[in-house]
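Work through the exercises below with the coordinates open. Each task is followed by a solution in steps.

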Amino acid sequence: MNSLDLVKMSFGNLRRRKLRTFLTMLGVVIGTSSIILMLSLGFAMDASFQESLQQMGSLNVIEVRRGGGYSMEQTSKRSPEVRLDDAAVASFRKISGVEAVMPVKNAYLRVIEGKMVGDVNVIGLDPALMEAFDFEVEQGRLLMAGDKEAMVFGKQVAFNFRNPRLQNDPREGFYSSTYVVGGTGSKEGPEPKPPVNLLSDKLQITTDMGYGERRRSEAEGDDDYIPPSPVKIKGVGILKENHGEETYSAYMNITTLEKIQEEERKARHLPRSSQNSEDKYNVIKVKVADIQQVQSIQEQIGQMGYQPHSLTEMLESVNKQFRVIQAILGGIGAVSLLVAAIGITNTMIMSIYERTREIGVIKVLGANLRDIKKMFLLEAGIIGISGGIIGVCCSSLISLGLNMAAARFMSQGMAGATKISVIPMGLVLSAVAFSTLVGLIAGYSPANRAMKLSALDAIRTE
């Protein structure tokens, strides 16, 4: 008996018992759909979390701070001479797999535009490295190496500005995002308009955090302190909005920021030697070429006595939780497929009882015992693979419906909608293969039983 004959006989046997075949296949469809949908919820949660992390910053970037060894043992052995300085930057660049190293300096300064002032977290960095560390602008451009008195602002910085002369007026108060110039500020209204244009307005920056609110001689209550004169700056770019510090910070050349801080130090009569024991930089950012190397490089930096941190730590921790959730959800769906496997086994056994005489006749006519076994296995496999394919189609339609409903619901109160069900191609192929395997396993015992059935006893059976 050739393979084509086996296939024809198997399909013919299944068609003769349409209702039983349909009900058995329905169990496989339900089981496959359940597994796919359950796992798709876990995949969607994982994808949503990774998307949120990427909005907070790059997964390839390690932030290095001073102090705190990578373990308790390393903390006790840490050298007191460890500093965030140029020597640390040079040592990080020597690590294999490191793509770029960027020292960062922070200062909280006041930006001035006419009568409006805004207190901003200003970050000094090397302009040549902004593109390497994935900074992207929505308007204007990034800083260039030749920029001195230039700044790039986060998208929300413009909303920090207020008129300090109106702060005691209960009708106005401090400026906030609910107080909109040129807009309604409501969800249905236009996008809020900031009180200043950071790219076209004339801006100044100062270390005097009381500028515009008191006389210069009253600064910090110190008669000897005369704040440095504000420095003229120019806004050249607005960064794309994300959930990280970039949205609420301003960036400038680190050498310019150091000059501003030096002028403040002189105004306060602080000796230069008082800073020798301090770090030169607040943070050193290390970008790793391959995300798979982030953890190993982070461990190397920790062993050097520094405190490294990256978003991959959080990602790995949450991934472990997601794997547990997916295992639980997959287990729930697998129960349905187990019930379907029992149904396939029952169908095949009943088929043997009903076709006992037929099996005997086939044997007497000289059919190979293996062919009889293959025929029953093929019938079980057809039920498994057909149910798996239909189950994939059903689960895809249900997943699409869930995502459409979620998008409609979430768009009413949120700017963007996240999928609540994600079915990757690997899951589709695995589900079909698994359902086929379940069908073959469920049909194996009945197929063996049919193969071992005595031909004479089968013929005598009524």
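**Exercise 1: Helix 5**

The buried residues of helix 5 pack against strand 2 (98-113), strand 3, strand 6 (203-206), strand 7 (231-239) and strand 8. The model is a predicted one.

Task: State which residues of helix 5 are buried, and compare the reach of helix 5 with the expected span.

Solution.
1. Helix 5 covers residues 254-267, 14 residues in total.
2. From first C-alpha to last, helix 5 reaches 20 Å, close to the 20 Å expected at 1.5 Å a residue.
3. The buried residues are Ile254, Thr256, Leu257, Ile260, Glu262, Glu264, Arg265 and Ala267.
4. Just after helix 5, His269 has a positive phi of about 60°.

**Exercise 2: Aromatic pairs**

Task: Classify the geometry of the two aromatic pairs in the structure.

Solution.
1. For Phe92 and Tyr306, the ring centres are 5.1 Å apart and the planes stand at 75°. Planes over 60 degrees apart count as edge-to-face, so the Phe92 and Tyr306 pair is edge-to-face.
2. Phe92 belongs to helix 4 (residues 86-93) and Tyr306 to strand 10 (residues 306-310), 214 residues apart. Both Phe92 and Tyr306 are buried.
3. For Phe135 and Tyr251, the centres are 5.1 Å apart and the planes are at 70°, so this pair is edge-to-face.
4. Phe135 sits in the loop between strand 3 (116-125) and strand 4 (137-140), and Tyr251 in strand 8 (residues 249-253), so the pair ties together parts 116 residues apart in sequence. Both Phe135 and Tyr251 are buried.

**Exercise 3: Two residues of helix 2**

Task: Decide whether Leu26 and Thr32 are buried, partly exposed or exposed.

Solution.
1. Leu26 is placed in helix 2 (residues 18-56), and Thr32 is in helix 2 as well.
2. Buried means under 20% relative accessible area, and exposed means over 50%.
3. Leu26 has 36% relative accessibility, so Leu26 counts as partly exposed.
4. Leu26 is one of the residues of a nonpolar surface patch, together with Leu19, Phe22, Leu23 and Ile30; the patch has about 510 Å² of accessible area.
5. Thr32 has 2% relative accessibility, so Thr32 counts as buried.
6. Leaving aside residues up to four places away in sequence, Thr32 touches Leu337, Gly387, Gly388, Gly391, Val392, Ala431 and Ser435.

**Exercise 4: Salt bridges**

Task: For the salt bridges Asp86 with Lys280 and Lys287 with Asp134, give the N to O distance, the location and the burial of each partner.

Solution.
1. The side chains of Asp86 and Lys280 meet at 2.8 Å, N to O. Asp86 lies in helix 4 and Lys280 in the loop between helix 5 and strand 9 (283-288), 194 residues apart.
2. Asp86 is partly exposed at 42% relative accessible area, and Lys280 is partly exposed at 34%.
3. The side chains of Lys287 and Asp134 meet at 3.3 Å, N to O. Lys287 is in strand 9 and Asp134 in the loop between strand 3 and strand 4, so the pair ties together parts 153 residues apart in sequence.
4. Lys287 is buried at 9%, whereas Asp134 is partly exposed at 41%.
5. The count of salt bridges comes to 11.

Conventions. Residues numbered from 1 in each chain as written. Predicted model: local features only at pLDDT ≥ 70, side-chain atom pairs only at ≥ 80, totals over all residues. Heavy atoms only, no water. Phe/Tyr/Trp six-rings, centres within 6.5 Å; stacked < 30°, edge-to-face > 60°. Helix = DSSP H or I, 4+ residues; strand = E, 2+ residues; numbered from the N terminus. Buried < 20%, exposed > 50% of the residue type's maximum accessible area, 1.4 Å probe, protein only. Patch = residues over 30% accessible without salt bridge, like charges linked within 9 Å, V, L, I, M, F, W, Y side chains within 5 Å. Areas by Shrake-Rupley, 256 points an atom, 1.4 Å probe, with all protein chains shown as cover. Salt bridge = Lys/Arg side-chain N within 4 Å of Asp/Glu carboxyl O. Expected span 1.5 Å × (residues − 1). Contact = heavy atoms within 4.5 Å.
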